[in-house]
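Here is a friendly walk through one model, written for someone who likes to know the cut-offs behind each term. Please have a look at the structure before reading on.

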Amino acid sequence: MPSASRKLLGAYYTPASLVENALGTLPETLRPARVLDLSCGEGVWLGAAGARWPDASLEGLDVDRGALEEAARLVPAARLRLADGLLAPIGSDVDLVLGNPPWGAGRVGNDRRGQESATGFVVRALELLRPGGRMCLLLPAAWLEVAAHRAGRERLLELAAIERLEPLGNVFTGVHAPAALLVARREPDAAARSAQPVWTPMGPVAQATLAGEGSLNPRLSAGDRALLIKLDARAERLAGRVTFILGVVTGRNRAALVDAGGGEPIVSGTDVSAFRIRTPARRLALPLERVQQAARRENYARRKVVYRFIARHPVAAVDEEGRLTLNSANALAVDDPALDEHFVAAALNSSPLRFAHAARHALPRLLRSHLERLPLPAASASARRRIARLAEARGAGATEELDELVMDLFLLTPAERARLRSACRAS
Ligand SMILES: C[S@@+](CC[C@H](N)C(=O)[O-])C[C@H]1O[C@@H](n2cnc3c(N)ncnc32)[C@H](O)[C@@H]1O
């Protein structure tokens with residue numbers, strides 16, 4: 001299939017070994033009578049289900065006629081239909097919905113990811129399963145965590161007990177698209193849903209604990225989860241107290257940026273390290289009004305905390321010179337008189353906030369929503385001032401001392417401090 005149509009249909013077929021492993025995670029006693037794949041492609045999931053449960057009735061839908069013809073050859077016993085898996089009438093007594101739904105099918109231009117088909121297929125599966133019935137789906141790993149899919153995850157938590165969340169990494173040759181396996185049981189009993197132990201590679205987590213994070217992050221050990229809860233318990237938030245200032249999008253960096261002579265200095269991500277901004281290597285040769293996207297000039301002119309956009313954890317420094325920043329280095333200016341840029345930079349560069357960010361977000365990016373969610377330590381005015389002054393006076397030279405002071409604010413034990421430091425070294 002040409003790659004454009006493959007993308008449009010989200011047609012990336014699952015390797016047979018992965019299907020075997022996925023079905024192998026289901027309870028051994030499972031004997032599903034009605035098995036359904038809402039986007040069966042060439043039928044690899046239905047074929048494996050037929051081999052495992054010879055008495056099951058197998059049904060498959062797909063919108064691609066060619067794929068269905070292949071499926072008919074591979075699984076002659078299956079009832080196959082050329083139909084939209086999200087809309088076709090099916091009934092609500094299915095024992096097992098399995099498969100690999102199209103992840104980005106039908107996504108056009110800037111459609112938000114929440115409208116992407118993976119969410120639609122999870123919600124549809126929930127509607128079709130009988131109580132006690134299961135779904136076993138291969139999803140984009142991002143579905144478990146990114147904000148755009150929150151509504152789909154909430155629906156899942158409302159209706160199902162999640163039995164397994166397994167990140168699988170990149171499973172399709174030649175495509176960077178980390179996958180995860182989701183196994184969940186339609187569960188009408190709310191208490192059973194909350195208490196459900198969810199299998200993750202880091203050990204089992206009660207569904208209620210998992211849900212408390214707002215994402216379904218399967219990469220946290222029980223100890224790290226407890227540490228995040230402790231940080232949150234002593235935290236304030238940045239939301240509503242700062243102005244976020246996005247870096248300049250030039251449209252064409254090659255033409256708009258120069259190395260020397262002319263133009264205006266512009267700070268890029270690589271110019272920023274903890275507590276330090278080096279003299280920018282590049283300059284903006286265009287007037288600010290002519291770039292593709294920029295914040296207002298008066299915002300760049302403010303004293304502000306500049307942070308790298310692409311990073312595993314926050315890397316921040318205060319800019320006192322009102323410089324422009326490129327979109328690899330965004331910034332925030334403090335509006336709340338009780339806060340201070342140097343205090344915010346010290347908190348962002350500290351092990352607790354770095355840990356919290358890396359623990360919650362798999363992708364190396366710092367979005368505004370991530371910063372707003374970070375646990376800024378609650379502190380008395382004098383403690384805040386002390387940290388701000390030290391950061392201002394000695395910056396990177398006082399990194400460890402500042403780290404200890406921020407950890408003091410969270411009332412962390414020596415063992416917790418050691419864990420945070422080692423987690424930060426690893427990220
Ligand atoms: C990621 S592939 C997976 C195919 C198969 N389940 C497998 O794992 O090999 C997604 C499939 O979804 C189909 N598809 C896209 N939109 C669909 C829709 N609305 N209803 C049913 N199938 C759809 C595509 O044609 C493609 O075969």
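Helix α3 (44-52) and strand β2 (57-62) each supply at least two residues of the shell around the ligand. Helices (H or I, at least four residues) and strands (E, at least two) are DSSP runs, numbered from the N terminus. The ligand is surrounded by 25 residues, and the closest are Tyr-13, Thr-14, Ser-39, Gly-41 and Asn-100. A residue is near a molecule or strand here if its C-beta atom, placed from the backbone, lies within 6 Å of it. Sorted by class, the shell holds 14 nonpolar, 7 polar and 4 charged residues. In this scheme Ala, Val, Leu, Ile, Met, Phe, Trp, Tyr, Cys and Pro are nonpolar, Asp, Glu, Lys and Arg are charged, and the others, Gly among them, are polar.

A word on the source: this is a predicted model, in which local features need pLDDT of at least 70, side-chain atom pairs count only at pLDDT 80 or more, and totals for chains, interfaces and linings use all residues. Residues are numbered from 1 along each chain as its sequence is written.

**The whole protein**

The secondary structure comes to 17 helices and 21 strands. Along its principal axes, the C-alpha trace spans about 75 × 50 × 30 Å. The domain assignment gives domain 1 (3-219) and domain 2 (236-426), with bounds that come from an automatic or database domain assignment. The C-alpha centres of domain 1 and domain 2 lie 39 Å apart. Of the 427 residues, 44% count as buried. A residue is buried if 20 or more other C-beta atoms lie within 10 Å of its own, exposed if 12 or fewer, and partly exposed in between, with C-beta atoms placed from the backbone. Among contacts between residues at least 6 apart in sequence, 69% join residues at least 24 apart; a contact means that the two C-beta atoms, placed from the backbone, lie within 7 Å.

**Strand pairing**

Strands of a sheet pair through backbone hydrogen bonds, either parallel or antiparallel. Two strands are taken to pair if DSSP finds at least two bridges between them. The table collects four such pairs.

| Strand pair | Sense | Bridges | Opposite residues |
|---|---|---|---|
| β1 (34-37) and β4 | parallel | 2 bridges | Val-35 and Leu-96 |
| β4 (94-99) and β5 (129-140) | parallel | 5 bridges | Leu-96 and Arg-134 |
| β5 and β7 (178-186) | antiparallel | 7 bridges | Leu-137 and Leu-182 |
| β12 and β16 (282-284) | antiparallel | 2 bridges | Val-258 and Arg-283 |

Leu-96 thus appears twice, standing opposite Val-35 of β1 and opposite Arg-134 of β5. Leu-137 of β5 is also the bridge partner of Gly-99. Strand β4 is mostly covered, with 6 of its 6 residues buried.

Elsewhere, an open sheet of 4 strands has the order β12-β16-β13-β19, with mixed pairing. Its edge strands are β12 (257-258) and β19 (324-325), each of which pairs on one side only.

**Nonpolar cores**

Nonpolar side chains tend to be buried together in soluble globular proteins. A nonpolar core is a set of buried Ala, Val, Leu, Ile, Met, Phe, Trp, Tyr and Cys residues joined through C-beta atoms within 7 Å. Which members of the largest core touch the most others? They are Val-305, Val-306, Tyr-307, Ala-316 and Ala-345, out of 59 residues. Helix α12 (residues 341-348) gives the largest share of this core, 6 residues. Apart from it lies another core of 56 residues, including Ala-48, Ala-56, Ala-142 and Ala-184. Beyond its neighbours within four places in sequence, Ala-316 is in contact with Ala-274, Val-305, Val-306, Tyr-307, Ala-345, Leu-348 and Asn-349.

**Two residues to compare**

Leu-159 lies in helix α6 (residues 150-159). Why does Leu-159 count as partly exposed? Because Leu-159 has 19 C-beta neighbours inside 10 Å. Outside the four places on either side in sequence, Leu-159 is in contact with Leu-126 and Arg-186. Leu-159 and Glu-187 are 28 residues apart in sequence, yet 5.9 Å apart in space, C-alpha to C-alpha.

Ser-382 belongs to helix α15 (residues 381-394). Ser-382 is exposed because 8 other C-beta atoms lie within 10 Å. Between Ser-382 and Glu-70, 312 residues apart along the chain, the C-alpha atoms are separated by 71 Å.
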